[in-house]
Amino acid sequence: MIPVTKPYLPSREKLDKYIDGIYERQWLTNNGPLVQELTKRLEEYLGVENLLLVSNGTLALQIAYRALGINEPVNGKPAEAITTPFTFVATSSSLKWEGIEPVFADIDPDTWCLAPKNIEAAITPQTRAIVPVHVFGNACEVEAIDEIASEHNLKVIYDAAHAFGVNYKSKSLLKWGDAATLSFHATKVFHTIEGGAIVFKRKEDLEKAKKLISFGISGPEMIQELGINAKFNEFQAAMGLCVLDEININMSKRRVVKEHYLEKLNRSFAFQTRNNNLTDNYAYAPILFDSNDQLTLIVDALNEHNIIPRRYFYPSLDSLKLLFCADYGLPTSNDIAERILCLPIYDNVPPRVLAQITNIILKKM
Ligand SMILES: *Cc1c(COP(=O)(O)O)cnc(C)c1O
């Protein structure tokens, strides 16, 4: 079977060495030496400061909201955060879980990221924050979003789960916003089996979040605030250190895959319009068909050959009425969601399979 992606498995020998060390120290969690080492190495690799490892990407969002005080009600009513419906469900469900009302604004038809003019139109007296997503590692219009946020005194938390290692104008895209969150789930381009991180703009927010992820405990016998358990552990860090050593090889192999799709299919299909000043981490290979019918036809043809692409992101979250009591029917997000398909991409898709995939697609168009 050819799945949409496969988790990257690094050198087993190296992983075993790290695990031997964990057995010797018998220090398994609670900010152990490997967690500290991975924090430092990620800050160096990404070119950021104030990075906090947490147990997964969803808790990264939740902790970021709390550290920045977005969950606090406004005039006795739930705060609102303006966000995109074209994303993985966790972007919105994490808001709702924290008692914050997600308010959906529509995306740009070419970049598939939240459109600044739609953000502005969705602001109400309840709005505390903007939660955009750098979808498929494409940069949101960060300058415009920054301007809107400062004009209306809003916090910005980027769900940057897809933007690991992506640079915008020669520096990390993660530097934008009051915080940017990452997911290190097994299916992501950099992973720690499960895991995530928050990159804060300000050191004081990092310090606050460090307490939040460990029950609100600030010292021996000192509990000063409400916290939760979102700690990262030594085994996750061991995996992360090994995957990080090989990240550039992994990305360059994925690059070949994505470039094959672009080269063979870009005359017949639409791709995401990416910012010129942006690098790619080759995490996803999304392609836009003319219609839902065409997409279904092609998915069926690929499935017949045991090739399993995925519809990321479908459905558009504003249509999930049971979850988000929304009834927006945002036209662009719903339209893109109906027509988008993510093709298989991982470090070792065989060239023969790549040719097979593009041949099947071109034959069915
Ligand atoms: C993967 C992902 C998440 C969730 O991360 P987990 O580590 O699985 O909790 C959140 N947002 C987006 C956009 C994602 O792709």
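Here is a short Q and A on helix packing and empty space in this predicted model.

Q: Why are helix 1 and helix 8 called roughly antiparallel?
A: Helix 1 (residues 12-25) and helix 8 (residues 234-245) pack at about 150°, with their axes 9 Å apart. Angles over 145 degrees count as roughly antiparallel, so this pair gets that label. As for handedness, helix 1 passes helix 8 in a right-handed crossing.

Q: Which residues make that contact between helix 1 and helix 8?
A: Helix 1 brings K14, L15, Y18, I19, I22, Y23 and R25. Helix 8 answers with E234, F235, A238, M239, L241, C242 and D245. Sorted by class, the contact of helix 1 with helix 8 has 10 nonpolar, no polar and 4 charged residues.

Q: What makes K14, R25, E234 and D245 count as charged?
A: Asp, Glu, Lys and Arg are the charged class. K14 and R25 sit on the helix 1 side of the contact, E234 and D245 on the helix 8 side.

Q: Why is helix 10 called oblique to helix 13?
A: Helix 10 (residues 292-304) and helix 13 (residues 351-364) pack at about 140°, and their axes are 10 Å apart. Roughly antiparallel needs an angle over 145 degrees, and roughly perpendicular covers 65 to 115. The angle of about 140° fits neither, which makes helix 10 oblique to helix 13. Their crossing is right-handed.

Q: What makes up the contact of helix 10 with helix 13?
A: On the helix 10 side you'll find L297, I298, A301 and L302, and on the helix 13 side I357, I360, I361 and K364. The split for helix 10 with helix 13 is 7 nonpolar, no polar and 1 charged. Lys belongs to the charged class, and K364 is part of this contact.

Q: How do you know that helix 3 and helix 4 are oblique?
A: Their axes come within 9 Å and cross at roughly 45°. Roughly parallel would take an angle under 35 degrees, and roughly perpendicular starts at 65. Helix 3 and helix 4 are therefore oblique to each other. Their crossing is right-handed.

Q: Which residues meet where helix 3 and helix 4 touch?
A: T58, L61, Q62 and Y65 in helix 3 meet A90, T91, S94, L95 and W97 in helix 4. By class, the contact of helix 3 with helix 4 divides into 5 nonpolar, 4 polar and no charged residues.

Q: What makes a space a cavity, and how many are there of 30 Å³ or more?
A: A 1.4 Å probe has to fit inside but be unable to get out. The structure holds 1 cavity of 30 Å³ or more. About 50 Å³ of space lies in the largest cavity.

Q: Which residues line the largest cavity?
A: A161, H162, F164, S183, K188, V189, F190, A283 and Y284 do. That lining has 6 nonpolar, 2 polar and 1 charged residues.

Q: What about the largest pocket: what is its volume, and which residues are closest to its centre?
A: A pocket, unlike a cavity, is an open set of points. The largest pocket has a volume of about 700 Å³. It is lined by 39 residues, and F88, T187, K188, Y312 and F313 are the closest to its centre. Helix 3 (57-67), helix 4 (90-97) and strand 9 (179-183) are the elements that give two or more residues to the lining. Helix 3 gives the most, with 3 residues. The pocket lining divides into 22 nonpolar, 11 polar and 6 charged.

Note on methods. Residues numbered from 1 in each chain as written. Predicted model: local features only at pLDDT ≥ 70, side-chain atom pairs only at ≥ 80, totals over all residues. Heavy atoms only, no water. 1 Å grid on protein atoms, 1.4 Å probe; cavity = no way out; pocket = protein on both sides within 12 Å on 5 of 7 lines; lining within 4 Å. Points joined across faces, edges and corners; volume = space filled by probe spheres on them. Axes fitted to C-alpha atoms, helices over the stretch in contact; angles between N-to-C directions. Helix = DSSP H or I, 4+ residues; strand = E, 2+ residues; numbered from the N terminus. Left-handed = near helix turned anticlockwise from the far one by under 90°. Contact = heavy atoms within 4.5 Å.
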